[in-house]
Amino acid sequence: MEKLTSPYKWGMVIDLDRCTGCGACVVACQAENNVGICEKQEIAEGRNMHWLRIERFWVGEYPDVRVRFLPVMCQHCQDAPCEPVCPVYASYHNPDGLNGQVYNRCVGTRYCGNNCPYAVRVFNFYPHEWPKPLDNQLSPDITVRARGVMEKCSFCIQRIRRAKEESSAEGRTIQDGEIQPACAQTCPAEAMTFGNLADPASRAARLARSPRRFHLLEHLGTHPSVVYLKGGGREHV
Amino acid sequence: MKRRTFLQLGGMTVASAFLAGCQGQNEKLIPYLIPPDEGVTPGKATYYASSCSGCPAGCGILVRVSEGRAKKIEGNPRHPVNRGRLCARGQAALQELYHPDRIQQPLRRSGPRGSGKFQKISWSEALDLLSDTLKELQQEPNTGSLALLTPQLTGSLATLTGVFMRSFGSTHHLAYELLAPDWLRLANRYSFGQPDLPFYDLAETRYLLSFGADFVENHLSPVQYGNAFGRMRQGRDTVRGHFTYIGGRMSLTGASADRWMPAKPGSEGVLALGLARLILAGSLHDKAALSNSGIRPEELLARLRNYDLQRVADATGLAKNSIVEVAREFATTRPSLAMAGESVAFQSNGLEAVRAIQLLNTLVGNLNRPGGVYPASADPSTGALLRKESSFSELLALIASMRAGKIKAALIKGNPVHTVPPVTGFQEALDTVPFIVSFATVLDDTALQAELILPDHAALESWGDVVPLAGSRTMVYGTMQPVVTPLYDTRQFADVLLATASRLGGPLAAALPEESFVEYLKFSQAQRFSSEKEEDLELLWVELLSGGGHFAPDQAPEKHYRWASSAVIADPPTPAFAGEANKFPLHLQVYPSTAFHDGRGAVLPWLQQLPDPMSTVVWGSWIEINPKTASSLGISQGDLVEVTSPRSSLRLPAVVYPGIRPDMVAIPLGQGHHGGGRYAKDRGVNPLTLLSLLNGKEQLAAWNATRVRVTRISKKGDLVSAGHPEGSYRGDLIGI
């Protein structure tokens, strides 16, 4: 059988020393990916649909208290716990190293969500409405997910696909910086860098070699494609 | 048929199908039965450059438009203020355009005021009603009975409204915003003899000392400073800028600090002067900079002799060694930078405190230096680049005129009923105005009071120009253009003014002969580049629109800050607070919400759903209480509490917040709308109702000088937070 290879292995580096926790990425993600608007009750039940959330940690007690922010989206694990448990192969691994989700295969068992240690998969427990004319804003590039479907961050795969089509029409490979997911594009502090980790010269790959690097819940051995760089300065130099 | 022939034929069929499929480009797959509109290719998006009008920072945006619908707002990478970046509010501006509760045509009130009963009328009826009323006012001997209330205005709209009011004969144009930096202009005038707002070179500084300047969420130009903050931290190979935040509440900005100094409210000025004394006593000041500023170090040190370490430590409640450390680090880690913010300025001694902070910059030579502070780009007070801002005292003057019955009609753009603190008496004064016209896009609190609603276009349907507030050292002029055809039968505010001018005739029509605001914009361009030929102007106009504005190349402007020779360092007076300490033991801080600014974002569901970064609360208001204070009052996370100030009381849920002084509580601004569409209506509370009025010097209002008491009511606070109060993971587990 022919081996599936790709010159790309998409990944993201998030510099927590730059991140201010402002929340611009959260809204940008929601705008780009047709993420449903959740009512208060829905969020109270723990069923918020955001693909990207900002974890906030209080460290210490007053007056020696600090705050740490941690933007968490799908980590696109190379050994993803969500993939082997899907009975219908809705959750799959693509050759670019992305952890894909095929919405029209999903039957809503939620096994993948249960198995995800990062709690980044969100399930459409309710049908989501875009009261007219809010539906005009919905992006034509992405499906609007129905009730009963699991969804999650795709690293803005529609943007990756578009760049691939354009680059292959021009007979070249995608250049560094050509693709930016909505979150990285809007981040005021430029904390997020997206790129091809298979290309050692890409900006993301260079940043990912920083001594400040760590993976989220590294001990689980999921080998995520998202690399965090520790913030906090003096404590961590 | 033989098996082999079958396979050959089958193979050929498949191959020819593939060949045919490969030929076409994507566009050819969709037959053009009806030729598309010019420039519209199905499935292909177009990007239009415009400017964000969500706050005065005026960032450049690119709007992705597909099949005539706006899909996504992105930052304009060529814009020098935001460099392709955008904040949450800017991202959400799309929903203003497609808000389901937008007013779709002119409305006239049919029930009593505030009842929300309106009947639909046509634009010609509406404009007749408006111009008839204004004509009556013109016939009166006192034509000053018309008032115009707007947010801060820049560019051609500022000029147009100025001409309109002047030609009408009224001086009552109020462009007041609660969060406008008039206090900073005033302090600059005292200290440097000029009112220009500062541009802080955050990206190049090595030591940042912020006295309550919340530049990540709202101070001056948040996206610009958020970006510069990232570069300050990790943009340089060997230097990581240090950040110390001073303020009784750890704000979102303060959360990124390396050191947090929770000084007592109102003691920041004393702290700044104490730091200045330590720097002078240790001879750590910049001697050349001081002699340039005409300050003699010995004299200044003698002047500051009262600010000894013990007194400063007592006044601020901070540890002595941390004050000494910060003084040494600030003076020796150059370039350093001290910023003053709203929470300092909104104290009764705010002006003196802000000036003391400016002295710190002067003392260590941070003025006009890379990594220091410069005057921001020119904002001339005349011509096409006018900026219209009104001070708090002008608001009080207008309220007095309203009360005296001198104002017969008010044209209101914006939502002052929600954003002006009720203690000023604005809302009652507005009730006495017989004719109110609102230009709201949704039925907000102000529109509910109006006689006539003339719905404005959404920002993405509007023409305009913007001079960004203090976001750059060079001149930046941003343009706004409609990216979609208007959804409803609405008209742009400026177009309504022009139509009214032509209906009224006389000097007004002569002063404003243009038929539409686009023409007016083009005309002001022609004035700006008057040396150009006419055909060049048309070309220039197209260039401006396609690029999103005119951005002057990076060159050092002429302006500099220089400590004014007449500037005297005033001692910050002991801070005054409304409410006795024994009855109202807690200091109340109201602060602009990250998502809603002063409340304008609350109508948009994306922003309501955005968890507040610090408390993770969604869809509501909350009060932040220190854990110790909360436990002494028997309050736990999510309890319903009653907050009582000398003026009024409110009920809202409590959030136990480790980053706030035990003698303080804080409530975000923005919620508590009575109108504002389905997403904002009757949600949360407006903490402005709690505030008492205390004036500092020059009638600067002290909005952070009210004391309150908090009592627990029940455990049903209806608080919904998206995150676990402690964070989802154990911090040590992930090594954060």
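# Reading strands, helices and contacts in chain B

Q: Let's start with a pair of strands. How many bridges join strand β20 of chain B to β21(B), and which way do they run?

A: Three bridges join β20 (residues 476-480) to β21(B), and the two strands run antiparallel. Keep in mind that you're looking at a predicted model. For one matched pair of residues, find B:Val476, which stands opposite B:Phe551 in β21(B).

Q: What sheet do β20 and β21 of chain B belong to, and what is its strand order?

A: An open one of three strands, ordered β19-β20-β21 in chain B, with antiparallel pairing. To read an open sheet, look for its edges. Here β19 (464-466) and β21 (549-551) of chain B each have a single partner strand, so one side of each is left without a neighbour in the sheet. From one strand to the next, the twist averages 20°.

Q: Now a single residue. Is B:Tyr477 buried or exposed?

A: Count the C-beta atoms around it; the cut-off for buried is 20 or more others within 10 Å. B:Tyr477, which lies in strand β20 of chain B, has 23 such neighbours inside 10 Å and therefore counts as buried. You can also follow the chain onwards from there: B:Pro507 is 30 residues away along the chain, and the two C-alpha atoms are separated by 30 Å.

Q: How would I recognise a closed sheet, and what is the strand order in the barrel of chain B?

A: Trace the order round. In chain B, six strands close into a barrel in the order β22-β26-β23-β25-β24-β27, with mixed pairing. On average, neighbouring strands of this sheet are turned by 45° against each other, direction ignored. For a parallel pair, take β23 (residues 623-625) and β25 (residues 649-656) of chain B, which pair over three bridges. B:Ile623 stands opposite B:Ala654 in β25(B).

Q: What about helices? How does the length of α8 of chain B compare with what is expected?

A: Start with the general idea: an α-helix has 3.6 residues a turn, so residues three or four places apart point the same way. Now the case here. Helix α8(B) covers residues 268-281, which is 14 residues, and reaches 20 Å from its first C-alpha to its last, close to the 20 Å expected at 1.5 Å a residue. Because 13 of its 14 residues are buried, α8(B) is largely enclosed by the rest of the structure. Just after α8(B), look at B:Ser283, which takes a positive phi of about 55°.

Q: Which domains does the assignment give for chain B, and how many residues does each bring to the contact?

A: The assignment gives domain 1 (182-375) and domain 2 (586-714). Their centres, taken over C-alpha atoms, are 27 Å apart. Domain 1 of chain B brings 20 residues to the contact and domain 2 of chain B brings 22. On the domain 1 side, α6 (182-192), α13 (342-345) and α14 (350-363) of chain B are the elements giving two or more residues. That side divides into 10 nonpolar, eight polar and two charged residues.

Q: And between chains: how many residues do chain B and chain A each give?

A: In general, the size of an interface is often given as the accessible area lost when the parts come together. Counting residues instead, the contact takes 56 from chain B and 56 from chain A. The elements of chain B giving two or more residues include β3 (69-75), α7 (222-234) and α25 (731-734). With seven residues, α7(B) gives the most to that side. By class, the chain B side has 28 nonpolar, 19 polar and nine charged residues.

Terms used: Residues are numbered from 1 along each chain as its sequence is written. Chains are lettered from A and ligands numbered from 1 in the order in which they are written. This is a predicted model: local features need pLDDT of at least 70, side-chain atom pairs count only at pLDDT 80 or more; totals for chains, interfaces and linings use all residues. Two strands pair if DSSP finds at least two bridges between them. Helices (H or I, at least four residues) and strands (E, at least two) are DSSP runs, numbered from the N terminus. Axes are lines fitted to C-alpha atoms, for helices over the stretch in contact, and angles run from 0 to 180 degrees between N-to-C directions. Domain bounds come from an automatic or database domain assignment. Two residues are in contact if their C-beta atoms, placed from the backbone, lie within 7 Å. Ala, Val, Leu, Ile, Met, Phe, Trp, Tyr, Cys and Pro count as nonpolar, Asp, Glu, Lys and Arg as charged, and the others, Gly among them, as polar. The expected span of a helix is 1.5 Å times one less than its number of residues. A residue is buried if 20 or more other C-beta atoms lie within 10 Å of its own, exposed if 12 or fewer, and partly exposed in between; C-beta atoms are placed from the backbone.
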